[in-house]
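The following exercises ask the reader to derive features of a structure from its atoms. Each task is followed by a worked solution.

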Amino acid sequence: MNIVAAVRAFFAAQPPTLLIGLAGVVALLSVAGAIATVLTALKPDRDYRELRQRIASWWVMVALLAGALLLGWQVTVLAFALVSFMALREFLSLAPIRKEDRPAILAAYLALVAAYGFIAADKYMFYLVFIPVWAFLGLPFLMAMLGQTRGFLTTAATFHWGLVTCVYNLGFAAFLMRTPDSDRLPAGAAGLVFFLLLVTEFNDVAQYVFGKLLGRHKIAPTVSPNKTWEGFLGGWLATGLLIWFAGPLFTPLAGHGLLVVAVALPLAGFAGDVTMSAVKRDIGVKDTSHAIPGHGGVLDRADSLTFTAPLYFHLLALFALGKF
Amino acid sequence: MGWLRFLLLVLVARPLALFLTGADVTGRERLPLKGPAIVAANHSSHVDTLLLLAIFPSRAVARVRPVAAADYFLRDPVIGWFSRHVIGIVPVARLKAGSGEDVLAPARAALAAGDIVVVFPEGTRGDGDQLGQLKGGVARLAEAFPEAPVTPVWIQGAGRVLPKGEAIPAPLNCAVLVGEPLDWEGDRPAFMARLRAALLALKDQAPPLRWS
């Protein structure tokens, strides 16, 4: 009985809109699962294993992230640190790195720990400058002391690119968890993060679905041959509408602030997707790993988030949040 | 002691391997789940052993025994105890090879007991970029146990996580590619050629190593 009471108290303490939002995601996934089952039954000659695998992985990701969000900022920051770590490990594993750079690889992981340490300690100014200024200078200095000058500038740029996308930019999503209640948040700090993840991933899926249904005209054929104008515009419109109508439930945004986010965030998601595709094409791989069945690597799933997280954070800071 | 080894493998080795390498396994279903069976992998790092112990399902892991050099792993009593009872090594006195002593006897005993014996036919850790010369001991084991399948495994990138001579591992993704098991067909040189070809074919499917 005590456990039941504890569980009830746990959920009662959560912002109701956050719970409704999570229930909505569960409903969406159930619908997707039902469609996949129907498709498999209707067209037995076609292979829907990857679709079903993709949906199964969505269930796992949603369960893990929802659990982290409900358990509070500590667990959420830890979860994002883990996502950043896996993304950075994928990036450094695939990028051209020189044998002499092993100490620099270790230093990059230390920079990750320090950056998330600043989030945990709620030191916003330190966080802002640590990777873009100090890791940016410190890693190349370390590389210089290691003594290998062949390909120096390229390697330094590679490390910095990995740290900024995988750690610094994703970390902004975690930093939203440190927003105080005094900022009049309709679904708590977790609601801010939930909404960022929801619209970013919704945009990815909507672009994919519109592209599959209507796609005719390729938008970036040399970089990402499956992306079409129809998919991009359909995703933009659908995600923009979602942000416009659902935004006030989860964020303090309203009026022209909300409009700017609704217009800009889907664009940033698309930009992240295409830019990361160019990186993968340069490296010569299709997926960054097989960490998420049906999706590829962590970086394949989080590519658009590396662009949307900092943009969302700064637009919120500009229009609605007093703290940042 | 068996339960201690099992717990350490499942609760320590497995998360550690996942943290250090991501353990990106292709063809996991081809791993043997019962002995006698032989797994033959390339070797560039101690991480190879950790990774191979980590990718077997829990119900099979107690049976997995890596073949390891007695002169290296048993030289010190603490490391020796750990190697025998936790890693579960099958010691091979490689320095006595060719002296007339039967250095493969412990490996044959393990196979006879129904274990899954992991061998590194290169005999030592290489640089991780190339497959070295293969030693013929694995063919002699396969000949002695013709019913044991020999599963080739290519481990890509472990030499970057912990190269020979380094002490601190750097987490980087490793791909583990498990190939179709080879059967013994009665000829040692032909068997070694097939094993080499199988390992190189797996290497070709591995993601690129941009490491210079």
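The exercises below treat cysteines, a sheet, a pocket and cavities in turn.

This is a predicted model, in which local features need pLDDT of at least 70, side-chain atom pairs count only at pLDDT 80 or more, and totals for chains, interfaces and linings use all residues. Residues are numbered from 1 along each chain as its sequence is written, chains are lettered from A and ligands numbered from 1 in the order in which they are written, and side-chain values use heavy atoms, with hydrogens and water left out.

**Exercise 1. Cysteines**

Determine how many disulfides the structure holds, and state whether A:Cys166 and B:Cys174 are buried or exposed.

Step 1. A disulfide is a pair of cysteine sulfur atoms within 2.5 Å. Over all chains, the count is 0.

Step 2. For A:Cys166, the nearest cysteine sulfur belongs to B:Cys174 and is 18 Å away. Likewise, B:Cys174 takes part in no disulfide, and its nearest cysteine sulfur is that of A:Cys166.

Step 3. Buried means under 20% relative accessible area, exposed over 50%, and partly exposed in between (1.4 Å probe, protein chains only). A:Cys166 has a relative accessible area of 0% and is therefore buried; B:Cys174, at 1%, is buried as well.

**Exercise 2. The sheet of chain B**

Establish the strand order of the 7-stranded open sheet in chain B, and describe how β7(B) pairs.

Step 1. Strands (E, at least two residues) and helices (H or I, at least four) are DSSP runs numbered from the N terminus; two strands pair if DSSP finds at least two bridges between them. The order is β1-β7-β6-β2-β5-β3-β4, with mixed pairing. The edge strands β1 and β4 (90-92) each pair on one side only.

Step 2. Strand β1 (residues 24-26) runs parallel to β7(B), and 3 bridges join the two. Here B:Asp24 stands opposite B:Ala175.

Step 3. With β6 (residues 150-156) of chain B, β7(B) pairs in the antiparallel sense over 4 bridges. B:Val153 has B:Val178 as its bridge partner, and B:Gln156 has B:Ala175.

Step 4. In a regular strand the side chains alternate between the two faces of the sheet. In β7 (residues 175-178) of chain B, B:Ala175 and B:Leu177 point one way, B:Val176 and B:Val178 point the other way, and all are buried.

**Exercise 3. Pocket and cavities**

Characterise the second largest pocket, and then find how many cavities of 30 Å³ or more the whole structure contains.

Step 1. On a 1 Å grid over the protein atoms alone, a cavity is a set of points where a 1.4 Å probe fits but cannot get out, and a pocket is an open set with protein on both sides within 12 Å along at least five of seven lines; lining residues have an atom within 4 Å of a point. Grid points are joined across faces, edges and corners, and a volume is the space filled by probe spheres set on the points.

Step 2. The second largest pocket has a volume of about 1200 Å³. Its lining comprises 47 residues; B:His43 and B:Phe73 are among those nearest its centre. The largest share, 6 residues, comes from α1(B).

Step 3. The search finds 2 cavities. The largest has a volume of about 40 Å³, and α10(A) gives the largest share of its lining, 3 residues. The second largest cavity holds about 30 Å³ of space.
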